[in-house]
Structures are given as C-alpha cells and as structure tokens.
Amino acid sequence: MRACRTALLLALVIPQCLRAEDGYELWLRYRPLEAEWRSTYREAVRSLVVPQSGSPTLRAARGELLRGLEGLLGAVPASAREAGEGALLLGTPETSARIADLKLPLKPLGEEGYLIRRVDTDRGAAIVIAANSDIGVLYGTFHFLRLLQTRTALANLDIVSRPRIQLRLLNHWDNLDRSVERGYAGQSLWDWWRLPDYLDPRYTDYARANASIGINGTVLNNVNASADSLTSRYIAKAAALADVFRPYGIRVYLSARFSAPVEIGGLDTADPLEPAVRAWWKAKAAEIHAAIPDFGGFLVKANSEGQPGPQDYGRSHADGANMLAEALRPYGGAVMWRAFVYSDTNPEDRAKQAYSEFKPLDGRFADNVILQVKNGPIDFQPREPFHPLFGAMPATNLMLELQITKEYLGFDTHLVYLGTLFEEVLDADTCAGSSGRCGEGAVVASVIDGSLHGYRRTGIAGVANIGTDRDWSGSIFNQANWYAFGRLAWNPDLSARSIAEEWLRMTFTANKRFVAPAAGMMLRSRQAAVDYMTPLGLAHLMGTDHHYGPAPWVDHLARPEWNPVYYHRADREGIGFDRTAEGTGAVSQYAPPLARRFGNRNAVPEDYLLWFHHLPWDYPMASGRDLWAELVHRYDRGVAEVRAMAETWAGLESFVDAERFYKTARFLEIQKREARWWRDASIAYFRAVSGRPLPAGAREPARPLEAYRALQFPRGAGN
Ligand code: GCV
C-alpha cells in the first residue's frame, strides 16, 4: 500500500508517496538511499571479496551484506576473487588469504570485536571488515551497513570496536503457555507447542535483529519459572531455538526453578547441600549440554516473591548459586543469580533488603556466578537512585538488570525512550573507587564492565519487550528501547542522544528536519513520564498487580510493601520516605560521600528528594515554590510535555509512512489522556491527604477523587 500526500518541501509542492510499513523490519529496513549517497557508496564498494563458503555465521554475514547493499544501493556489487580499487573485503585471516596478507592488528579485538578500515592494496584502495572470528565479521558487517544507513562518509574509515561487557542478554519473561509476564507486545515468540518441529522464520529475524546490536544471549523463559522447561521435552525445544540462533552468536540460557529436583526429579528435597540434589543438577546440566553444546547457563530467581530457594532449607543464596555453578562448571556455563529479593516477613525498608542479604555474602560466590542486580533498589520505577550493591561487592561478579518492557512506564502505548534512563544508571557515580572519592570514574558502567573490581565475568541483561506483534515491541518507538539496550550493552559510553538519532535515521529517515525534532521528543520523554507519574523521587504509586495507572491511595493489601502508601508516606504534615539516619538508614548503604549527599535534604538532587526524605508540604524548593506547589508543577510539566510531543509528531507526518505515523499518533493521544489521568488522580489524592488547596492557577482535576479510586482494571495487560 502506498500513502500519497502533498507536502510543502523546500518551498515546492511535491507529492510524497511513502510505502506503508508495519514496523516488522525494525531498524534493518535497507530502503534505497538518496541518489547522491547511492552513487557515492557504489563508487566506494564496486566489488565484494567475500569467502564463498565458510561457517553458517560467515554465510549469515554474507547474506546480510547482500541484502543490505541490494536494498540501500539498488544493486549488489560484483563478486571478485582479488581486491582491487573499490573492493570490500570481509573475513578473518583464517577464511581469507587477502585479509591474512594485510596483517591487520586484530589481536586487541578479542573474540567478538572487529575492525572496519580503508586500506591500500597494490591494486587500489579497498575497505576491509576483519575480525578474529566469524561472529566478529558478522558484527562488523552490521556496523558497516549501519554506516550506510546513517549516511556516513567512508573516506577515512578506521573503526575498531569490541564489546566492553561479556554477556549481553535479553531476559524473556515468557511462559510456556505463550503468555508474557509484563509483556505488552502480543504473545511469546516461542511457539513451544510446535517446537522443535516447526521453526517459525521469525526466529531468524529475531536473531538478526539482536546480532545487529551485539546481543549475544537470550534467556528463553520467565524467571518465575516452570520446572517443566527443564524436562527433556522442553530441552529439545530450546535446542531447536539454539540451533537457529547459533550462527548469529546468540547463546540460549534457561531460567531454572530451584525446586525442580522435587517437581520433576522425584526427590523429596531441593536442599543445595544434599548430595542427591547436587547429583540431579549435574545430570541435568549434562543433559542440557548434550542437546545444546553452547548452552549459556541458568538464571535464577530464588526466595523472592514466593519463588522457592535455598533459604527454604536454611541455606544461603551463596549455597544455592554455588551448587548450580558446580553443575555448570565443566561446560563453562554461568549462573546468573538475581539479587531482587525482599520479604513480607522482614520489616526492614524494602529498598534495603537486597543489600542486607547479599553484602555479607561478598566473596562467597563461585567464580562462574554473577549476581544480577536491578538498576534500582525497588523495582524498575520511572526513576530510582542506582542500586547500592553496585560498588559494594568488589569480590563478587555483578551484572546489571534493566527493564526494556515498560511495566512501570506506560506499557506499550506511552512514548518513553529508555536510552536516557539506561544512560543515567550507567553513568551514576558509585563513589566506591579506591580513593573513596566521587568523580573518579567509579560509575556503574565501570562496575559491570569489570574494570572497577576486576570481575572475571561481566554481564548486562534487559527484560525483553518483544512479542508476536508485527512491530515486535507493541509500538514503533518501543523498538528504540530494545535498540538502545543492545547498543549500550556493547558500549556503555555511547550517548542516549546519538543512539536515538541513529535509530531514527535507520527506522524512519535521515532527513534532519525529521531527526532533530523526533530525537528531541525522545530525549525528553522519560522525564515527562517521571513528571506525570512519580515526580521528585516518588515511586511505586501504580495500580495493584497490573501496575496500570495511578493508585496512590491503595492501603489495604496484606503485605505492607505492596501498598503505594508504604512508598509515599503522605499525611497531613508532609510526604516522602525518610531513608536518612533518622529514618530507615538506607542512605548508609551508599559510599560515605554519597550517603552524606543523599542524607542531606539540601544536597540531595531534587529528582531523589522524596525517595530519601520525608518533608513538610511547605518545604521550600530551589524554584522558590513550596513542595506542594512544586509537586503540582511537575505533574503539569509532564502533561504539557506529552501534549508537545503529540504536536511535534503531528508536524512530522510528511516524513513517515501512513501506518507507522497513524499508530504513533493514536498512541500519543492515549498517552495524553493517561498523563492527564495520572496528574489529576494524584493531585486529587494528595490534596485530600494534605488538606491543602490547589496552588494558585492550577487546574482543577477533571473528576472527583472517588471517581479515580473507583476505577478497576481486572484484565490489565501483561499481568
Ligand atoms: C518476573 C516485579 C514484577 C514481576 C516480576 C518481578 C521480578 O515484581 O512486577 O512481574 O516477576 O518484578 O523481577 O522478578
């Protein structure tokens, strides 16, 4: 289908015909470039010197290159045996004698890195994409195509790239019945019923998309795991997926249910110190490895939110993780043990519980265990300070868990670019370097890339936002969050802005008059969501269970920390959670300079104010407003930003095909309505609690508080 419309461009009225797109191709669309770029690149790439045979990975690289060049340039350059002027050489020294002859400095690239360089051969200038391994060649190929997609000049090409983090994984919270916990993009991609016999071609496109951004592993099933996924029947299904993903450098991992030896193994205990249990896991690891020789390892949620774990037998998290590590050790596999633990029987501030649990265990984990820590101490909130375990576990491998799916950030419909959230976490200064001072590079990124503490195993995981929807992620702009995760996992120093711009160019158009406003909208979108949902350090005010919409009034649930009132602590006098030394003392879990900063109401960044402090409603803010007026101001600011985003998008219609334009425009309308709902319901509630009148000029909530409180969403998405 083609949508044609008239657009005013360069003062000329010209008809624009943009082919309708449904977003399936993600950022790998390879649409024809503008004529001048086509001729520049055709000149630069006149022939291809690519090994004709080789591993499936090399074949994938070759196939992608041909697909990309044909789409972008409208023609595939001729294949050649020898490099001449304008040749593009691809391969490793083992697969290509020409590349071996060039004696390139490949050693520093490691197993996955690559270089892309302009070289002079005796027959003229050529471009080489070289690596030590075939997967490096594939990554280099995707990078080269990205250069073309983003219209980069090739004259002085000299790119050297290797990933900073070893394990760059997606975590699918996918269940065996194809439902997806916190999934807003349709069903699970994994068609467990038809596997292993039927391999949906989409699995290959999934692998291509991930390889294009350097993701090298996938945990197939939900951390709230069913033991069935470890039965022989399901191992065979996982093995079939692993076979599809292998050429793309993607290893398969499984979430392991700690009680599996009882549930599917016929044992009467899962005690990690029990020899029969240890033997069961060893046999299970051997069975999995026989089916999936490059099996990556287990991800475990234990003694958290009702999941079984070693504490059920009076054992520690280290006992549990080390038992699994021992089973995987012969195969080089890793155990990713989640630090997301809190308990209803523990009266300690929820934000403190993971640190209290794991800090004393530092140094007690096997070297193939990696503790997987969420970015903040509560749970993927729109904004949290970084988790205090980062910087506090010098003797335990630690990896970062981010949430790509937007459980707390508007599900599928709200346009919220998470690149800025991820960047904020990676750049957060733990002040935990050897000097004990801030500002010396001891940021979260340097913890998880292993450089701060010398970790042997490093990793980063993102809870996937992928499902069977044609656009994969529920909305076009949600694709940017998958993309940003992969790009930052490869290189945590990239900026959220550069990633957004790159993604926009590849996903829509390179036209500056589109990219600049659309990038601006993306970069401001996360702060907008913070403002209209949980400003000034508030957190967890979403509806019970489904987390859809505002419900700051909920106070009746059995576990204290399930109630939003637990988090905001608003009353007649003030609002916020006192985590200073006079309160729960959570600030003391940070390095001393940060503990002082966070513990001081005059020094803490306003973005975290109510996370760490309980303050009177008339507390004076930097803006000159009092706290109550500032809160209302922030809610209004968020709503206004969404309105501006919708207007910006409306002005970009001429650059976007009809289908993707329409979907995004409609979703922005939903976001506008829901931002207003968040603002009105929250203000109505806090006004009632505080007994304060609305600040002068503030708009009255559209409905009375009771109307918001009465809303019910029994079939909330992703729940
Ligand atoms: C997979 C939050 C989510 C749960 C999720 C849990 C976790 O509590 O709401 O759906 O469970 O985090 O990360 O384990």
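The questions and answers below go through bridges, cores, loops and recorded domains of a predicted model.

Reader: How should the numbering and the values be read?
Author: Residues are numbered from 1 along each chain as its sequence is written, and side-chain values use heavy atoms, with hydrogens and water left out. Because the model is predicted, local features need pLDDT of at least 70 and totals for chains, interfaces and linings use all residues, while side-chain atom pairs count only at pLDDT 80 or more.

Reader: How many salt bridges does a search of the whole structure find?
Author: A salt bridge is taken here as a side-chain nitrogen of Lys or Arg within 4 Å of a carboxyl oxygen of Asp or Glu. Some of these pairs are linked in a network, whose members are Arg-383, Glu-424, Arg-526, Glu-606, Asp-607, Arg-625, Glu-630 and Arg-634. For the whole structure, the search gives 52 salt bridges.

Reader: Are Arg-178 and Asp-191, which meet in a salt bridge, buried or exposed?
Author: Their side chains meet with an N to O distance of 3.5 Å. The pair links distant parts of the chain, 13 residues apart, with both residues in the loop between β9 (167-171) and α5 (202-212), where strands (E, at least two residues) and helices (H or I, at least four) are DSSP runs numbered from the N terminus. On a scale where buried means under 20% relative accessible area, exposed over 50% and partly exposed in between (1.4 Å probe, protein chains only), Arg-178 and Asp-191 are both buried.

Reader: Why are Asp-680 and Arg-676 separated by about one helical turn?
Author: The two residues form a salt bridge whose closest N and O atoms are 3.1 Å apart. Asp-680 is buried because its relative accessibility is 1%, whereas Arg-676, at 22%, counts as partly exposed. The separation of about one turn follows because both residues lie in helix α20 (residues 658-690), at a spacing of 4 residues.

Reader: How far apart are the closest N and O atoms of Asp-243 and Arg-246?
Author: Asp-243 counts as partly exposed because its relative accessibility is 45%, and Arg-246 is also partly exposed, with a relative accessible area of 29%. These two residues form a salt bridge, and the distance between the closest N and O atoms is 2.8 Å.

Reader: Which cysteines does the disulfide join?
Author: A disulfide is a covalent bond between the sulfur atoms of two cysteines, and it is assigned to a pair of cysteine sulfur atoms within 2.5 Å. The search of the whole structure finds 1 disulfide, and it is right-handed, with 110° about the S-S bond. One partner is buried because its relative accessibility is 2%, and the other is partly exposed, with a relative accessible area of 25%. The S to S distance is 2.2 Å, and the cysteines joined are Cys-431 and Cys-438.

Reader: How many residues does the largest nonpolar core have?
Author: A nonpolar core is a set of buried Ala, Val, Leu, Ile, Met, Phe, Trp, Tyr and Cys residues joined through side-chain atoms within 4.5 Å. In the largest one, the residues with the most contacts inside it are Phe-144, Phe-245, Trp-281, Trp-337 and Phe-686, and its size is 231 residues.

Reader: Which side chain makes a polar contact with the side chain of Asn-216?
Author: Asn-216 sits in the loop between α5 and β10 (217-219), and it is buried because its relative accessibility is 8%. A polar contact is a pair of N or O atoms within 3.5 Å; within protein, one must be able to donate a hydrogen and the other to accept it, and residues adjacent in sequence count only if both atoms are side-chain atoms. At 3.1 Å, the partner of Asn-216 is the side chain of Glu-112.

Reader: Which peptide bond is cis?
Author: Most residues other than glycine have a negative phi, and most peptide bonds are trans. Phe-380 has a positive phi, near 55°, and lies in the loop between β14 (369-374) and β15 (398-403). Pro-196 is in the loop between β9 and α5, and the cis bond, with omega near 0°, runs from Leu-195 to Pro-196.

Reader: Which residues does UniProt list for "domain: Glycosyl hydrolase family 67 C-terminal"?
Author: The name comes from an unreviewed UniProt entry; positions are given in the numbering used here, feature names are shortened, and annotations may be inferred rather than shown by experiment. The listed span is 54% helix and 2% strand, with its end C-alpha atoms 38 Å apart. The record gives residues 474-697.
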